[in-house]
Structures are given as C-alpha cells and as structure tokens.
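Work through the exercises below with the coordinates open beside you. Each task is followed by a solution that proceeds step by step.

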Amino acid sequence: MIVGSVRRSQLITTYGVGAIVAVGDESVMVAGLDEWPVDNAGSQLLEPRMQIEGRLLRLPPGGDDFFGGRDEHIPVVRFPLWYYCADPKCRRLDTYGQLATDNLQNSCRHCGGSLIPSRFIAVCEEGHIEDFPYFQWVHRGKPAGGEGRHDLRLEVTGASGSLAGIVVECRTCDVPPRSLLGAFDREALVGIRSCGGRRPWLGVDDDGCGKLLRTTQRGASNVWFPKVRSVLSIPPWSSGLQRFVSRKWEALRYELEESALRSIVEQMVAPEQILYSAEEVLAAVAARKGGAVAARTEAQIRAEEYRALCHGRSGDSESDFVAEVREPPRETVELIDLVTVASRLREVRAFTGFTRLKPQAEEGDGCAIARDCDWVPAVAVHGEGVFLRLDRQALTAWESQAPVVSRLQRLQGRWQQSFLYDGSPLTARFLLAHTFAHALIDEWSLSGGYPAASLRERVFADEEGVGVLVYTAAADSAGSLGGLIAQADPARLGPSLLEAVRRYSWCSSDPVCAEADSQGAEGLNLAACHACALLPETSCENRNALLDRALLVGTPQDPSFGFFSRLLGD
C-alpha cells in the first residue's frame, strides 16, 4: 500500500524517522531504520570530516513513492491509532481496528462514514508518544463501570470549535460527558495517565518511564524536532581526486593485497588517466583507510571551514569547493576586511536523531532512530555562497562598548537556561554575526530573486575570527543558478550591504520591537521579530533565536553603538 511521496532531502529535515506525516485522510509515522529496505537504499556517501559513532552515511531510498507498508520504499506505521467517525449521526470514537471495515478503507463499519485520525496525542519529555487517553479522560482516571468494550463518542458542539466544544461521551457507563477544555494544561493528565514508554516508530517500548504526559496536536511543530549534522566539503577532501575515490569506494574499501588493489585501480583510471594517475588514487585510498581524518568536535569543524573560506581555493571541474578571495567593497572596508565568492559548495547533511516538545543542542542527545543499525540517512547538496569576514580590530573596539555589554548581559541568563544551550559562552560577536546573516538573506533574497527559504546561513564566531557565509545548498533548481554569487560583483556588493543594514534600521513594529527586553522563544531575542529579522526555519541554523538588530544599527535613542551605524550616516 502506497500512501504518499516526498523528496529524499525531506527525509532528513522534515519527514524523518519518528515524524508524523499527514497524507490525505491518513496519518502515519515513519518507522525506524531497522525496517527500511537496505537493499534499496542509495549508495554510501563519503564525507571524511563527518563521523557519527562509526556509522555509514547513506542516501535514503529513492523513487516516486516513498511511504507505504514495510515492504515498500519507506515503511510507516499507523499513528495515531484512535479515530473517530465524521458522520454527525455516529461520531464513534475508538481504535482504527475496531472502527474500520478493513485495513485499506477509512470507512466506519457501523455507518459507512469517513474515519478521521485523532487530532490529539500525548508526548513526554523523553520523546515517547501515544494516543490521547480518551477512555481515561472521560472516566476521570477511575475504574470504568459496565462490561466489555465501551461505546465512546466524540461530539462537537458550538460553532467555534474550541476545546470546550469538543466533548467525549461514554454511552456504556453512567459517567457525565467531559469536554477537552484544560487538556492542554501542563498537568492535565496527572492522575489520568502517565507515560507508558511508547515508541511506535521502533515497535519496541521502554519499560517504566512513568513521566508526565503532555497533550498536543499531532500536527504541532513541537511533536518532532530533527537533529541534523552538517559539514561542508573543503580541501583537501573536496578535490576532484577525492570525488573520484568516493565514486569508486564500494570497490576500493576492502582490504586487499597491494598487487590486487593496484590492478583494480589501474583498470579504473585507464579511461580517465588524463585526470588522475594510479599512484594518486592509491595514495588517496590509503589516506582514507588509514583514518587520516580524526573525529572532530563541532567547533573544530567550523574552524576548519572558516580557514578554508578565508584562504579560498581554485579547482578543476571535478572539485566540490571552488572559492575566490576578493577585496572588500570600499563602502565597508573598515568593517568587512575580506570577501570570498564560493562558486561551488557541497554540503552533507545527516539525520542522527530527534526530540519532542523541545529542541535540544547537546551532542548525542535525542530519541533513537533505530534499534540496531550501522548507517544513518544523509544527503549531499550542491550550491554556491558568499562569505564575509568582519574586521578583527573593529570588532574588538565595538564589543567593549557599555551598551553592547549591557545588551549581551540581558540574554546571558536566558541562554544558559534555554533549550539551545550547549555549554559554550554567548558572545556579542556571535549575536552580531547571526543578525547580520539574517540581514543579508533578507536583502539577497529580494535582489537576487531567491525565495528566502532556499538561502541558508553559516555563522563563524570565535576567537579565531568572525564571518558569515550565506549560501544556496538546495536539492532543487534553486541550488546553483549564479544569482547569489552575482550579489558579490564589485559594483553591486557595496550598495547591497548598505541596503541590508539600512533595512534593519527600521521595523514596522517599532518602537515596540526596538525597545523590547525579550522576544521569541524563551525570550532569546531582543530587537528582532517576525516583522523584521526572523527567517524561514530552513534558513536559520539557530532556530530564529539569539538575534538583536540593535547590535547592527543601534537604537533610536542611541544609534552610535551599532557595529554598522557609521554606514547609515546622520
């Protein structure tokens, strides 16, 4: 049975393992990797800089149809299991197996009406998920009277559709109907039901969880937060030689005698000997097998990428990383000291887990995506980008100003208590670089003709230096059409930077936005709201948090402390 289809890249960021997918009148959950048809999975992706607990990176299975039974491309399980009949004369509420005429048609066996998946589910902070306990809810957590199965109904009264108008009724025993008003309160299910450790995506439950269950809607954004690791392919691993080895790795990865391996390599390079010699290929294979790339932390990965973007790299037609370093525009030369135009970029994204209720930043945290599996789904996307490095001396002088220190201190405590906290200190230079990246995406999406959702940020902010990469790494045609790097043309870059800063000097919600002491999730933004600095979720790597326009342009009362204020004039 095929129930729907998605693109490969969406299996990493949108519809991965454990995610609930609504397809027509069906609601399903993507099953764990143990159930995925490995024989049909795509080829192995090789990115030496990305190491995830020794597991391989593989492309998800491809094809026109993705979601289906366990023998199809991407296996799914039915979730939630509770349905109700849409016929107003019936409105029966029960599990799908008890209501449906068979497992293929969503029609009520009692009246023939359409069956609708339950809107409400229950989730705990450990990531367990189950159906909303309608039976226990209407019986107030007490033993039910009557024998056998109970006849539950879900009635909708009133015209507003509010929770007060959604009523659960048991017609078997003598209990009063109960509306869902208050079901979303934090402790609404205390005494009703505790977490049973359900993990329907794996088919194996955790025993003895017992934690507090929270009611939410199955389509809510907090039901599934993916944990995606991302790296850029940079020298020396981005060269055409490395790409050649990656394409042939299935045959080269085995431990063979030197003579046998050389014979295989010589046959491989014969048609392409103009590009690579057998000796070059053998050296590259030996480097990979020897573990030439040790495991890296996220900070080390970012530092390597920062240095690569600062130095640039010419390349052949096979290289994954081609970047040209240019002089900064004269309009911003005292604030931006380097520009790099990356005409070719490759980004590898791997899906490693997920969380529910809140995203979490800690490494290795999150729900398991398999019981026992030696690979994770990953995709490689290609695009282009523009990198801007902020001047070190200008940054040092700017971040010591009292207004800058004061605004940073407002966010420090919230940051350390937030879902994004990863143990690292929050700095003013990071807030500045992150907000500047949003300003660039806003401006270049307009002037370059890109949808903002197809542009992404990569922020570098540590003691080594501060820079911003705005790039298009997309799996569709918006990936590398040249429109983004055209913004870095010498005659165009300066005016576009000025316009980006000028645009952030005003918000349609000012003065409320500019004077706000906290905005956004957990109060992690200052002068930043939906009317000015927030971007589509696919564009921001920090979940639209830790933003402050004032660090770029100052405030109406004191514009002088903004890093780019001098560009605005009087």
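The exercises move from the whole chain to one helix and then to individual backbone angles, and the model they treat is a predicted one.

**Exercise 1.** Determine how the radius of gyration of the protein chain compares with the globule rule.

Solution. Begin with the secondary structure, which comes to 13 helices and 22 strands in the protein chain. The radius of gyration is 27 Å, close to the 25 Å that the globule rule gives for 570 residues, so the chain is as compact as a globular protein of that length. For the extents, the C-alpha trace spans about 80 × 75 × 40 Å along its principal axes.

**Exercise 2.** Describe burial, contacts, surface and charge for the protein chain.

Solution. Of the 570 residues, 52% count as buried. Turning to contacts with a separation of 6 or more, residues 24 or more positions apart account for 69% of them. The exposed area is about 25300 Å², of which carbon and sulfur atoms supply 48%. Finally, the chain carries 60 positive and 75 negative charges, and the mean positions of these two sets are 3 Å apart.

**Exercise 3.** Check the length of helix H11 against the expected rise, and decide whether H11 is mostly covered or uncovered.

Solution. Helix H11 comprises the 20 residues 428-447, which at 1.5 Å a residue should span 28 Å. The C-alpha atoms at the ends of H11 are 29 Å apart, which agrees with that expectation. As for cover, 18 of the 20 residues of H11 are buried, so that the helix is mostly covered. Just after H11, Gly449 takes a positive phi of about 80°.

**Exercise 4.** Locate the cis peptide bonds that precede Pro80 and Pro511, and place each proline among the secondary-structure elements.

Solution. Recall that most peptide bonds are trans. The bond from Phe79 to Pro80 is cis, with omega near 0°, and Pro80 lies in the loop between strand S7 (74-78) and strand S8 (82-85). The bond from Asp510 to Pro511 is likewise cis, with omega near 5°, and Pro511 lies in the loop between helix H12 (490-503) and helix H13 (550-553).

**Exercise 5.** Classify Glu522 and Asn544 as buried, partly exposed or exposed, and report their phi angles.

Solution. Most residues other than glycine have a negative phi. Glu522, which is not a glycine, nevertheless has a positive phi of about 55°, and Asn544, also not a glycine, has a positive phi of about 55°. Glu522 lies in the loop between H12 and H13, as does Asn544. With a relative accessible area of 33%, Glu522 is partly exposed, whereas Asn544, at 15% relative accessibility, counts as buried because buried means under 20%.

Key: Residues numbered from 1 in each chain as written. Predicted model: local features only at pLDDT ≥ 70, side-chain atom pairs only at ≥ 80, totals over all residues. Heavy atoms only, no water. Helix = DSSP H or I, 4+ residues; strand = E, 2+ residues; numbered from the N terminus. Rg over C-alpha atoms; globule rule 2.2 N^0.38 Å. Buried < 20%, exposed > 50% of the residue type's maximum accessible area, 1.4 Å probe, protein only. Contact = heavy atoms within 4.5 Å. Areas by Shrake-Rupley, 256 points an atom, 1.4 Å probe, with all protein chains shown as cover. Lys, Arg positive; Asp, Glu negative; His and termini not counted. Charge placed at Lys NZ, Arg CZ, Asp CG, Glu CD. Expected span 1.5 Å × (residues − 1).
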